[in-house]
Amino acid sequence: MNRIGQLVEESPITMPQVVAASPVQPGGQYVGESFEVTDPPHKHAARGAVRDESLVEEWKTLAEKHARVREELVVRERRTAISLARLAHAQFAAGMLDEAYLSTQDALQAVVESMQQDSARFDLPSSVSAVRLLIRLDRRTDVRSWLERLPHHEILRKIGAGIAASADDYESALGMLEGLESPDAANLRGYIYLQIREPELALRELRAAYRGVPEVVETVLNMAFAYWQLGSPSKAIRFARQASRMARSRKDISFTLIEMMFAAGRYDEAAAELKYIRSTGIIETADFLMMRAKVEYASGRDVTASTSIKRAVSEARSSGDTAFAELIQAHLSVLESNGLPSIEEQKRSIYLNLRQAIRKSPDNVGLIELFAANADRVSHAKELRSYVDQLALTHEPKRLYELQHRVAYLEGDFEKALQYALLWSESEPFNPQAASNVLVLHGQVGQAGQDYEKIAILIAQRFGGSPLVLNNVAFALALCGRSDAAAQLIAKHPKMRDDSFYLKATIGLVEVASGNLQEGMKLYREAAEMTDKIPDGTTYRALMTIHQAMALRQLGLLDCTDKQSVVAQALPEVDLPKDWRDLPHFRLLEAGALRRGWEWPLIIN
């Protein structure tokens, strides 16, 4: 923990990115951001800074003229399905959206009436053309209604399955795809299986789709997601890199690749990927610079990271993205405040700056998340709850999972905090903080049994290379009886052993769980002595003492014949801090002890 009450050693940079944080549905049109490339001496033209409005008006006039011609043809000749479908597309191109919608209805009605006269006269091209335009008009309910009246042709079944999948109706979508063996049907099935957390089935379908049509970038990217879900970050990164090379301008895919590398603790690879992207001549926008800063901080290059953040502020302001500029500036103020001499000064400065920023932009979710990341007292819960409740009026629930988790944690509703941590981790699969928080909460208030071990193993497979989750994952593995896996994990980070008192304590616990009682207890005592030299050291020592008492009970070492030796080597009992009720991590340990029927505060006796 980097401060009392935090669940995990957090990265200094938490930012909203254009990451493809979940599997990408195939068949859709990418509407996200792309990298813009410099092209000296025409840089401004490449960025789209100048647009000839006269050309736009000329194109619009021609489109409207074409739509009128199409309309005259429909009136003058027979109102066929194909003529009405063509009219709808012409109206759509001219920006006549209401008219285009009505024309699609007429086209599909013409198809149905033609079939009523002769069931063999099904106009598939007109039907597909009209249905796809309805999707572009965001009239999915109409599409479903028409598909029920049209023959269940393979193309229409795939369209219907895609709409059902978009509405999270995965059972219906799979039913519509049953028996269809084309690459695009397999691709969609692979996406659906990923959404319902069946990565093995997803890989089978995605491989079939890839063999048929290897150039579909969504297939390759979703294979990366499948391998990530299976706990194979190396393969996930390989396929994400392949997808990024297939679509070099897709910012979301490149950022997803970098986030995978970051989550796996492969900071050097992430830095190399950023360098490669820069070498292609892209314009370094604010979000790209923040991604650079995130990797630079994790790599220990604080000075260059700070420079990147300052550049990001300038870029965000110059592009007119005021909300992002305010968030980046708030990040910068937090990092600068952390350089003040005392913890009290740091906290006062951080809370002052963040509250000022939030008063100015109360609907900026990123600012509230930054406040939540620094809110480490139960007494902060009421203020954070007021912010979150206000955001809930205008934001989708999924966007607020992290905040709902944090406010529930501060309020002491740890079961709800665990529920939101799980949702947060699912919605942000490359976020080591979310995964680590699941482990910590599950260990205290989750259901006992094999699920905890499975979660710990899977998180270790996905994030084992990341120092951000190392302590909590190793701690969980040791208590699950998997001290062997915990030891292998710790061995990947030899430099951290002597730098972190809490990691040294966890290493001691791993040694104890492995049967090396004397060595393990010695390491734990050394870790406790390290806290005497840091701010809030007495509070950390109290936390360590309770953690040790709890771990020894969970491992059954206070019920063994050698109990007196264990007690003799354990940390001496200490008093709880006077303000422990305002420190959420103590409250969490209390909840864990009471759930197991143990006394509070815990002592070793």
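Reader: How many residues does helix α18 have, and what span is expected for it?

Author: Welcome to this predicted model! Helix α18 covers residues 343–360, which makes 18 residues. From its first C-alpha to its last it reaches 26 Å, close to the 26 Å expected at 1.5 Å a residue.

Reader: Which residues of α18 are buried, and what covers them?

Author: They are Q346, S349, I350, Y351, L354, A357 and I358. Their cover includes α17 (322–337), α19 and α20.

Reader: Why are W228 and F430 called an edge-to-face pair?

Author: Two values settle that. Ring centres must lie within 6.5 Å, and planes over 60 degrees apart count as edge-to-face. For W228 and F430 the centres are 5.2 Å apart and the planes make 85 degrees, so the name fits. W228 sits in helix α11 (residues 217–229), while F430 is in the loop between α22 (414–427) and α23 (432–445), 202 residues apart.

Reader: What makes W228 and F430 count as buried or exposed?

Author: Buried means under 20% relative accessible area. W228 has 1%, so it counts as buried, and F430 counts as buried at 6%. Ring pairs also link both of them with F225 and F463 into a cluster.

Reader: How do you know that F371 and Y387 form an edge-to-face pair?

Author: The same kind of check works here. Their centres are 5.6 Å apart, within the 6.5 Å limit, and their planes are 85 degrees apart, over the 60 needed, so this pair is edge-to-face. F371 lies in helix α19 (residues 365–374) and Y387 in helix α20 (residues 381–391), so the pair ties together parts 16 residues apart in sequence. Both residues are buried. A search of the whole structure finds 13 aromatic pairs.

Reader: What makes R139 lie over the face of Y101?

Author: For an arginine, CZ has to be within 6 Å of the ring centre and within 35 degrees of the ring normal. R139 lies over the face of Y101 at 3.8 Å from the ring centre. K294 lies over the face of F262, at 4.8 Å from the ring centre.

Reader: Why are the buried residues of α8 said to line one face?

Author: Helix α8 (residues 170–177) has Y170, A173 and L177 as its buried residues. Seen down the axis of α8, they fall within an arc of 60 degrees, so they line one face of the helix. An α-helix has 3.6 residues a turn, so residues three or four places apart point the same way. The cover over the buried residues of α8 includes α7 (154–166) and α9 (183–195).

Reader: Which residues touch the most other members of the largest nonpolar core?

Author: That core has 68 residues, and M260, V473 and L477 touch the most other members. Its largest share, 9 residues, comes from α11. Leaving aside neighbours within four places in sequence, M260 is in contact with A224, F225, W228, A236, I237, A240 and F430.

Reader: What is the phi of D138, and why is D138 called exposed?

Author: D138 has a positive phi of about 60 degrees, although it is not a glycine. Most residues other than glycine have a negative phi. The place of D138 is the loop between α5 (124–136) and α6 (140–149). Exposed means over 50%, and D138 has a relative accessible area of 58%, so D138 is exposed.

Reader: What kind of peptide bond joins W600 and P601?

Author: A cis one, with omega about 0 degrees. P601 is found in the segment after α31 (584–595).

Methods. Residues numbered from 1 in each chain as written. Predicted model: local features only at pLDDT ≥ 70, side-chain atom pairs only at ≥ 80, totals over all residues. Heavy atoms only, no water. Phe/Tyr/Trp six-rings, centres within 6.5 Å; stacked < 30°, edge-to-face > 60°. Helix = DSSP H or I, 4+ residues; strand = E, 2+ residues; numbered from the N terminus. Buried < 20%, exposed > 50% of the residue type's maximum accessible area, 1.4 Å probe, protein only. Arc of directions from axis to C-beta. Contact = heavy atoms within 4.5 Å. Core = buried A, V, L, I, M, F, W, Y, C linked by side-chain atoms within 4.5 Å. Expected span 1.5 Å × (residues − 1).
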